[in-house]
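Colleague: Could you take one part of this model and walk me through it closely? I'd like the hydrophobic packing, with enough of the surroundings to place it.

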Amino acid sequence: MSVETIDRPVSLVSLHPYGNEGLPAWLIPMRASAHARFLELGIPTTKHEEWKYTSLREFESQSFAEPTFANLSDDDIADAVRGLEDAQRIVFVNGIYSEPLTTRLSQEEGVEIRTLQCVGGDPSNKLKNLFGTVARTDEFAFANLNSSQFRSGAYVQIHRNTKAERPIHLLFISTGGTASYPRVLVHAEQGSEATVVESYVTVGEGTSFVCGVTEVVVEANAKLEHVKLQSESERSYHIALSEARVEGDGTYLDYNVTFGGKLTRNDRQVFIGGSNAHVRMDGVYVADGEQHCDNHTRLDHAFPHCDSFEVYKGVLDGASSGVFNGKIFVYLDAQKTDAKQTNQALLLSPKATIETKPQLEIFADDVKCTHGATVGQLREDALFYLQSRGIPLKQARALLVYAFAAEVLERISHDGLRSELESRLYQKLGTDQG
Amino acid sequence: MLEIKNLYASVEEKPILRGLSLTVRPGEVHAIMGPNGSGKSTLANIIAGRDDYEVTEGEILVDGVNILELAPEERAAMGLFLAFQYPVEIPGVSNMYFLRSALNAIKKARGEKEMDAMSFMKFVKEKTKLLHLDDNLLQRSVNEGFSGGEKKRNEIFQMAVLEPKYGVLDETDSGLDIDALKVVSDGVNALRSAERGFLVITHYQRLLNHIVPDFVHVLVDGRIVKSGGKELALELEAKGYDWIKDETTAGVN
């Protein structure tokens, strides 16, 4: 019997004629070919190796309105900006730029935050030369869908040797019932330094679909901290691809935080394209009820003398399910690579499940490359210890789970964001546990 | 008053405690000594509420209330404290945060006003001096990477912060060198008061030179077979446990 690799044809994500309003002309053919590629690939089924544990059957039975702009007030985004009040912010509603919510954006010298419509032009063709070249999207149906459907997106440039003093906040709000296609390109030029936070939230009821693509370039000797926070409603389908290319002596710190979503699928990829680069790729996800969170990560060590550290931590309660697939490729030339991958999951209920798969392919012979995965429950002795000091069981559980998950959040450098994420984590644990 | 009445308990069907009775009044220090396997730690754990044990008969009363059906945190709120023989390491939770959560949970359960971070900090600083603890220990994760002595000091420090009515010390002296033993004992002695009772469980008489008990009980095979004053501890130290075992067996026969 041959394995069926051709996935189902697209029938359920209705493809509307996409609007190219204001987008640069050179994007148009790219969109058309992405559209064709998406139709060719179709929506993956669980027969697809990379989608074995994430079924899209239910997703396919949904229908979504095409992205339309909605006027939201500052109150609607109050929760989403907490902790990042000092940030330079750009806001998109259903993937469409929201000027009213962005108006207070004051930009620092050397830090440009624009939409893909690229007001002010692209005189040295930087956008044109980078856009669509970083993420290897060919095999990703949804990334192609994004490329054919996005209405706008964020284009962030940190100029050479510039340090962005304030974090750059890209806020993507989805209103219930719609499909949206957030798109991001971050270009950290040589010697620059910045923190970029992408956050995804839902305002309103209804089942929504968020399909994003983020591309990041960290040039030589630049340092970029990249936080993705997904706290959409539990009726949201969130499928996103992010890829960073890190050049020599560059530092890229990727923190992927998932609290929300009915079904979340993150593909996060880093291509190390120069020597002496440093990469962190961490994630934390907290799921309960029927939530499903799938993180696929991929690290390509293509050059020697680079290190990468990856820690993914999952907390799964109720009947939630998690998937972790971590690929590390160490190329023949990438001698002296130091790569360490850790994946830990905490199962808080007998119905919660995790599928975990490290996948290391090493072609160089002088490398340090390790991986470890643990799946466990809360330690009874620690619970009893806390209780014996007067801490009620529910709180004791939350405290231990918090300590487990917070290890990742602790690394986030921005104080406001870190403590906001920590308190959200605590809230989610405190209110959701029985 | 902490009253243990005719307590029978087993682990996986194996009887450990067999009719143990003991009363600790506020202001008193009782020492329980006994050979390994006599049930000392079982008693401590049952008082604190660990559920690995099955109590088949008897009761434990704190100020007249039977606590056997209560959760460990409810017992703590009633003023019970167990200093663990093997304190548990809790990575990722700072000592400070842990203790404030504990103190406030107890206060909340009692309907008292909770303590804010500032006043707690001040309150705790006083207590660290008592146990000669470094302030940086407060910021470290609970017991993580602590030496044996630091762990035991941390237990007594927690007791000093939570100010229980009845403290149960489970082999607090085991693994301590003389200096650490002195610090820990000084800490306990500073907490002695007319309102507070202690049950000090130990295998060795050495601890009782520092924490001088009002009563000494000898636990053998799950029962108290002999009680006396502090001189009983010296006698045990000199003669070992066998003579008591023999005496007990003779008595039964």
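Modeller: Sure, here is the packing, followed by the chains around it and a few individual residues.

A quick word on ground rules: this is a predicted model, so local features need pLDDT of at least 70 and side-chain atom pairs count only at pLDDT 80 or more, while totals for chains, interfaces and linings use all residues. Residues are numbered from 1 along each chain as its sequence is written, chains are lettered from A and ligands numbered from 1 in the order in which they are written, and side-chain values use heavy atoms, with hydrogens and water left out.

Let's start with the core itself. A nonpolar core here is a set of buried Ala, Val, Leu, Ile, Met, Phe, Trp, Tyr and Cys residues joined through side-chain atoms within 4.5 Å; buried means under 20% relative accessible area, exposed over 50%, and partly exposed in between (1.4 Å probe, protein chains only). The largest such core has 118 residues, and those with the most contacts inside it are A:Leu425, B:Leu7, B:Leu43, B:Ile60, B:Ile90, B:Phe120 and B:Leu169. The element that gives the most to this core is helix H8 of chain A (residues 393-409), with 12 residues. Helices and strands are DSSP runs numbered from the N terminus (helices are H or I, at least four residues; strands are E, at least two). Zoom in on A:Leu425 and, leaving out residues up to four places away in sequence, you find it touching A:Phe259, A:Val286, A:Tyr402, A:Ala405, A:Ala406 and A:Leu409. Contact, by the way, means heavy atoms within 4.5 Å. Apart from the largest core lies another, of 38 residues, including A:Ala154, A:Tyr252, A:Leu299 and A:Val330. As background, nonpolar side chains in soluble globular proteins tend to be buried together.

Now the chains around that packing. Chain A comes to nine helices and 20 strands, and 60% of its 434 residues count as buried. Its radius of gyration is 21 Å, which agrees with the value near 22 Å for a compact globule of 434 residues; that radius is taken over C-alpha atoms, and the globule rule is 2.2 Å times the number of residues to the power 0.38. The C-alpha atoms of chain A fill a box of roughly 65 × 60 × 50 Å along the principal axes. Among its contacts between residues at least 6 apart in sequence, 85% join residues at least 24 apart.

Chain B has 10 helices and 12 strands, with buried residues making up 53% of its 253 residues. A compact globule with 253 residues would have a radius of gyration near 18 Å, and chain B has 18 Å, which agrees. Its C-alpha trace spans about 65 × 40 × 35 Å along the principal axes. Of the contacts in chain B with a separation of 6 or more, 68% are between residues 24 or more positions apart.

On to some single residues in chain A. A:Ala194 is found in strand S8 (residues 193-203) and is buried, with a relative accessible area of 7%. Its C-alpha is 6.3 Å from that of A:Glu225, 31 residues away in sequence. Neighbours within four places aside, A:Ala194 is in contact with A:Ile158, A:Ala164, A:Ile168, A:Lys223, A:Leu224 and A:Glu225.

A:Ala164 also turns up among the residues touched by A:Glu108, along with A:Gln88, A:Lys163, A:Glu165 and A:Arg166, again not counting residues up to four places away. A:Glu108 sits in the loop between helix H4 (99-102) and strand S3 (111-115) of chain A, and counts as buried at 16% relative accessible area.

For a contrast in exposure, A:His371 in strand S20 (residues 368-376) is partly exposed at 45% relative accessibility. Beyond four places in sequence, A:His371 is in contact with A:Gln341, A:Pro358 and A:Leu360.

Last, two backbone oddities. Most residues other than glycine have a negative phi. A:Asn125, though not a glycine, has a positive phi of about 60°; A:Asn125 is in the loop between S3 and helix H5 (126-130) of chain A and is partly exposed at 35%. B:Asn143 also has a positive phi, near 60°. That asparagine lies in the loop between strand S8 (141-142) and helix H6 (148-162) of chain B, and B:Asn143 counts as buried, at 0% relative accessibility.
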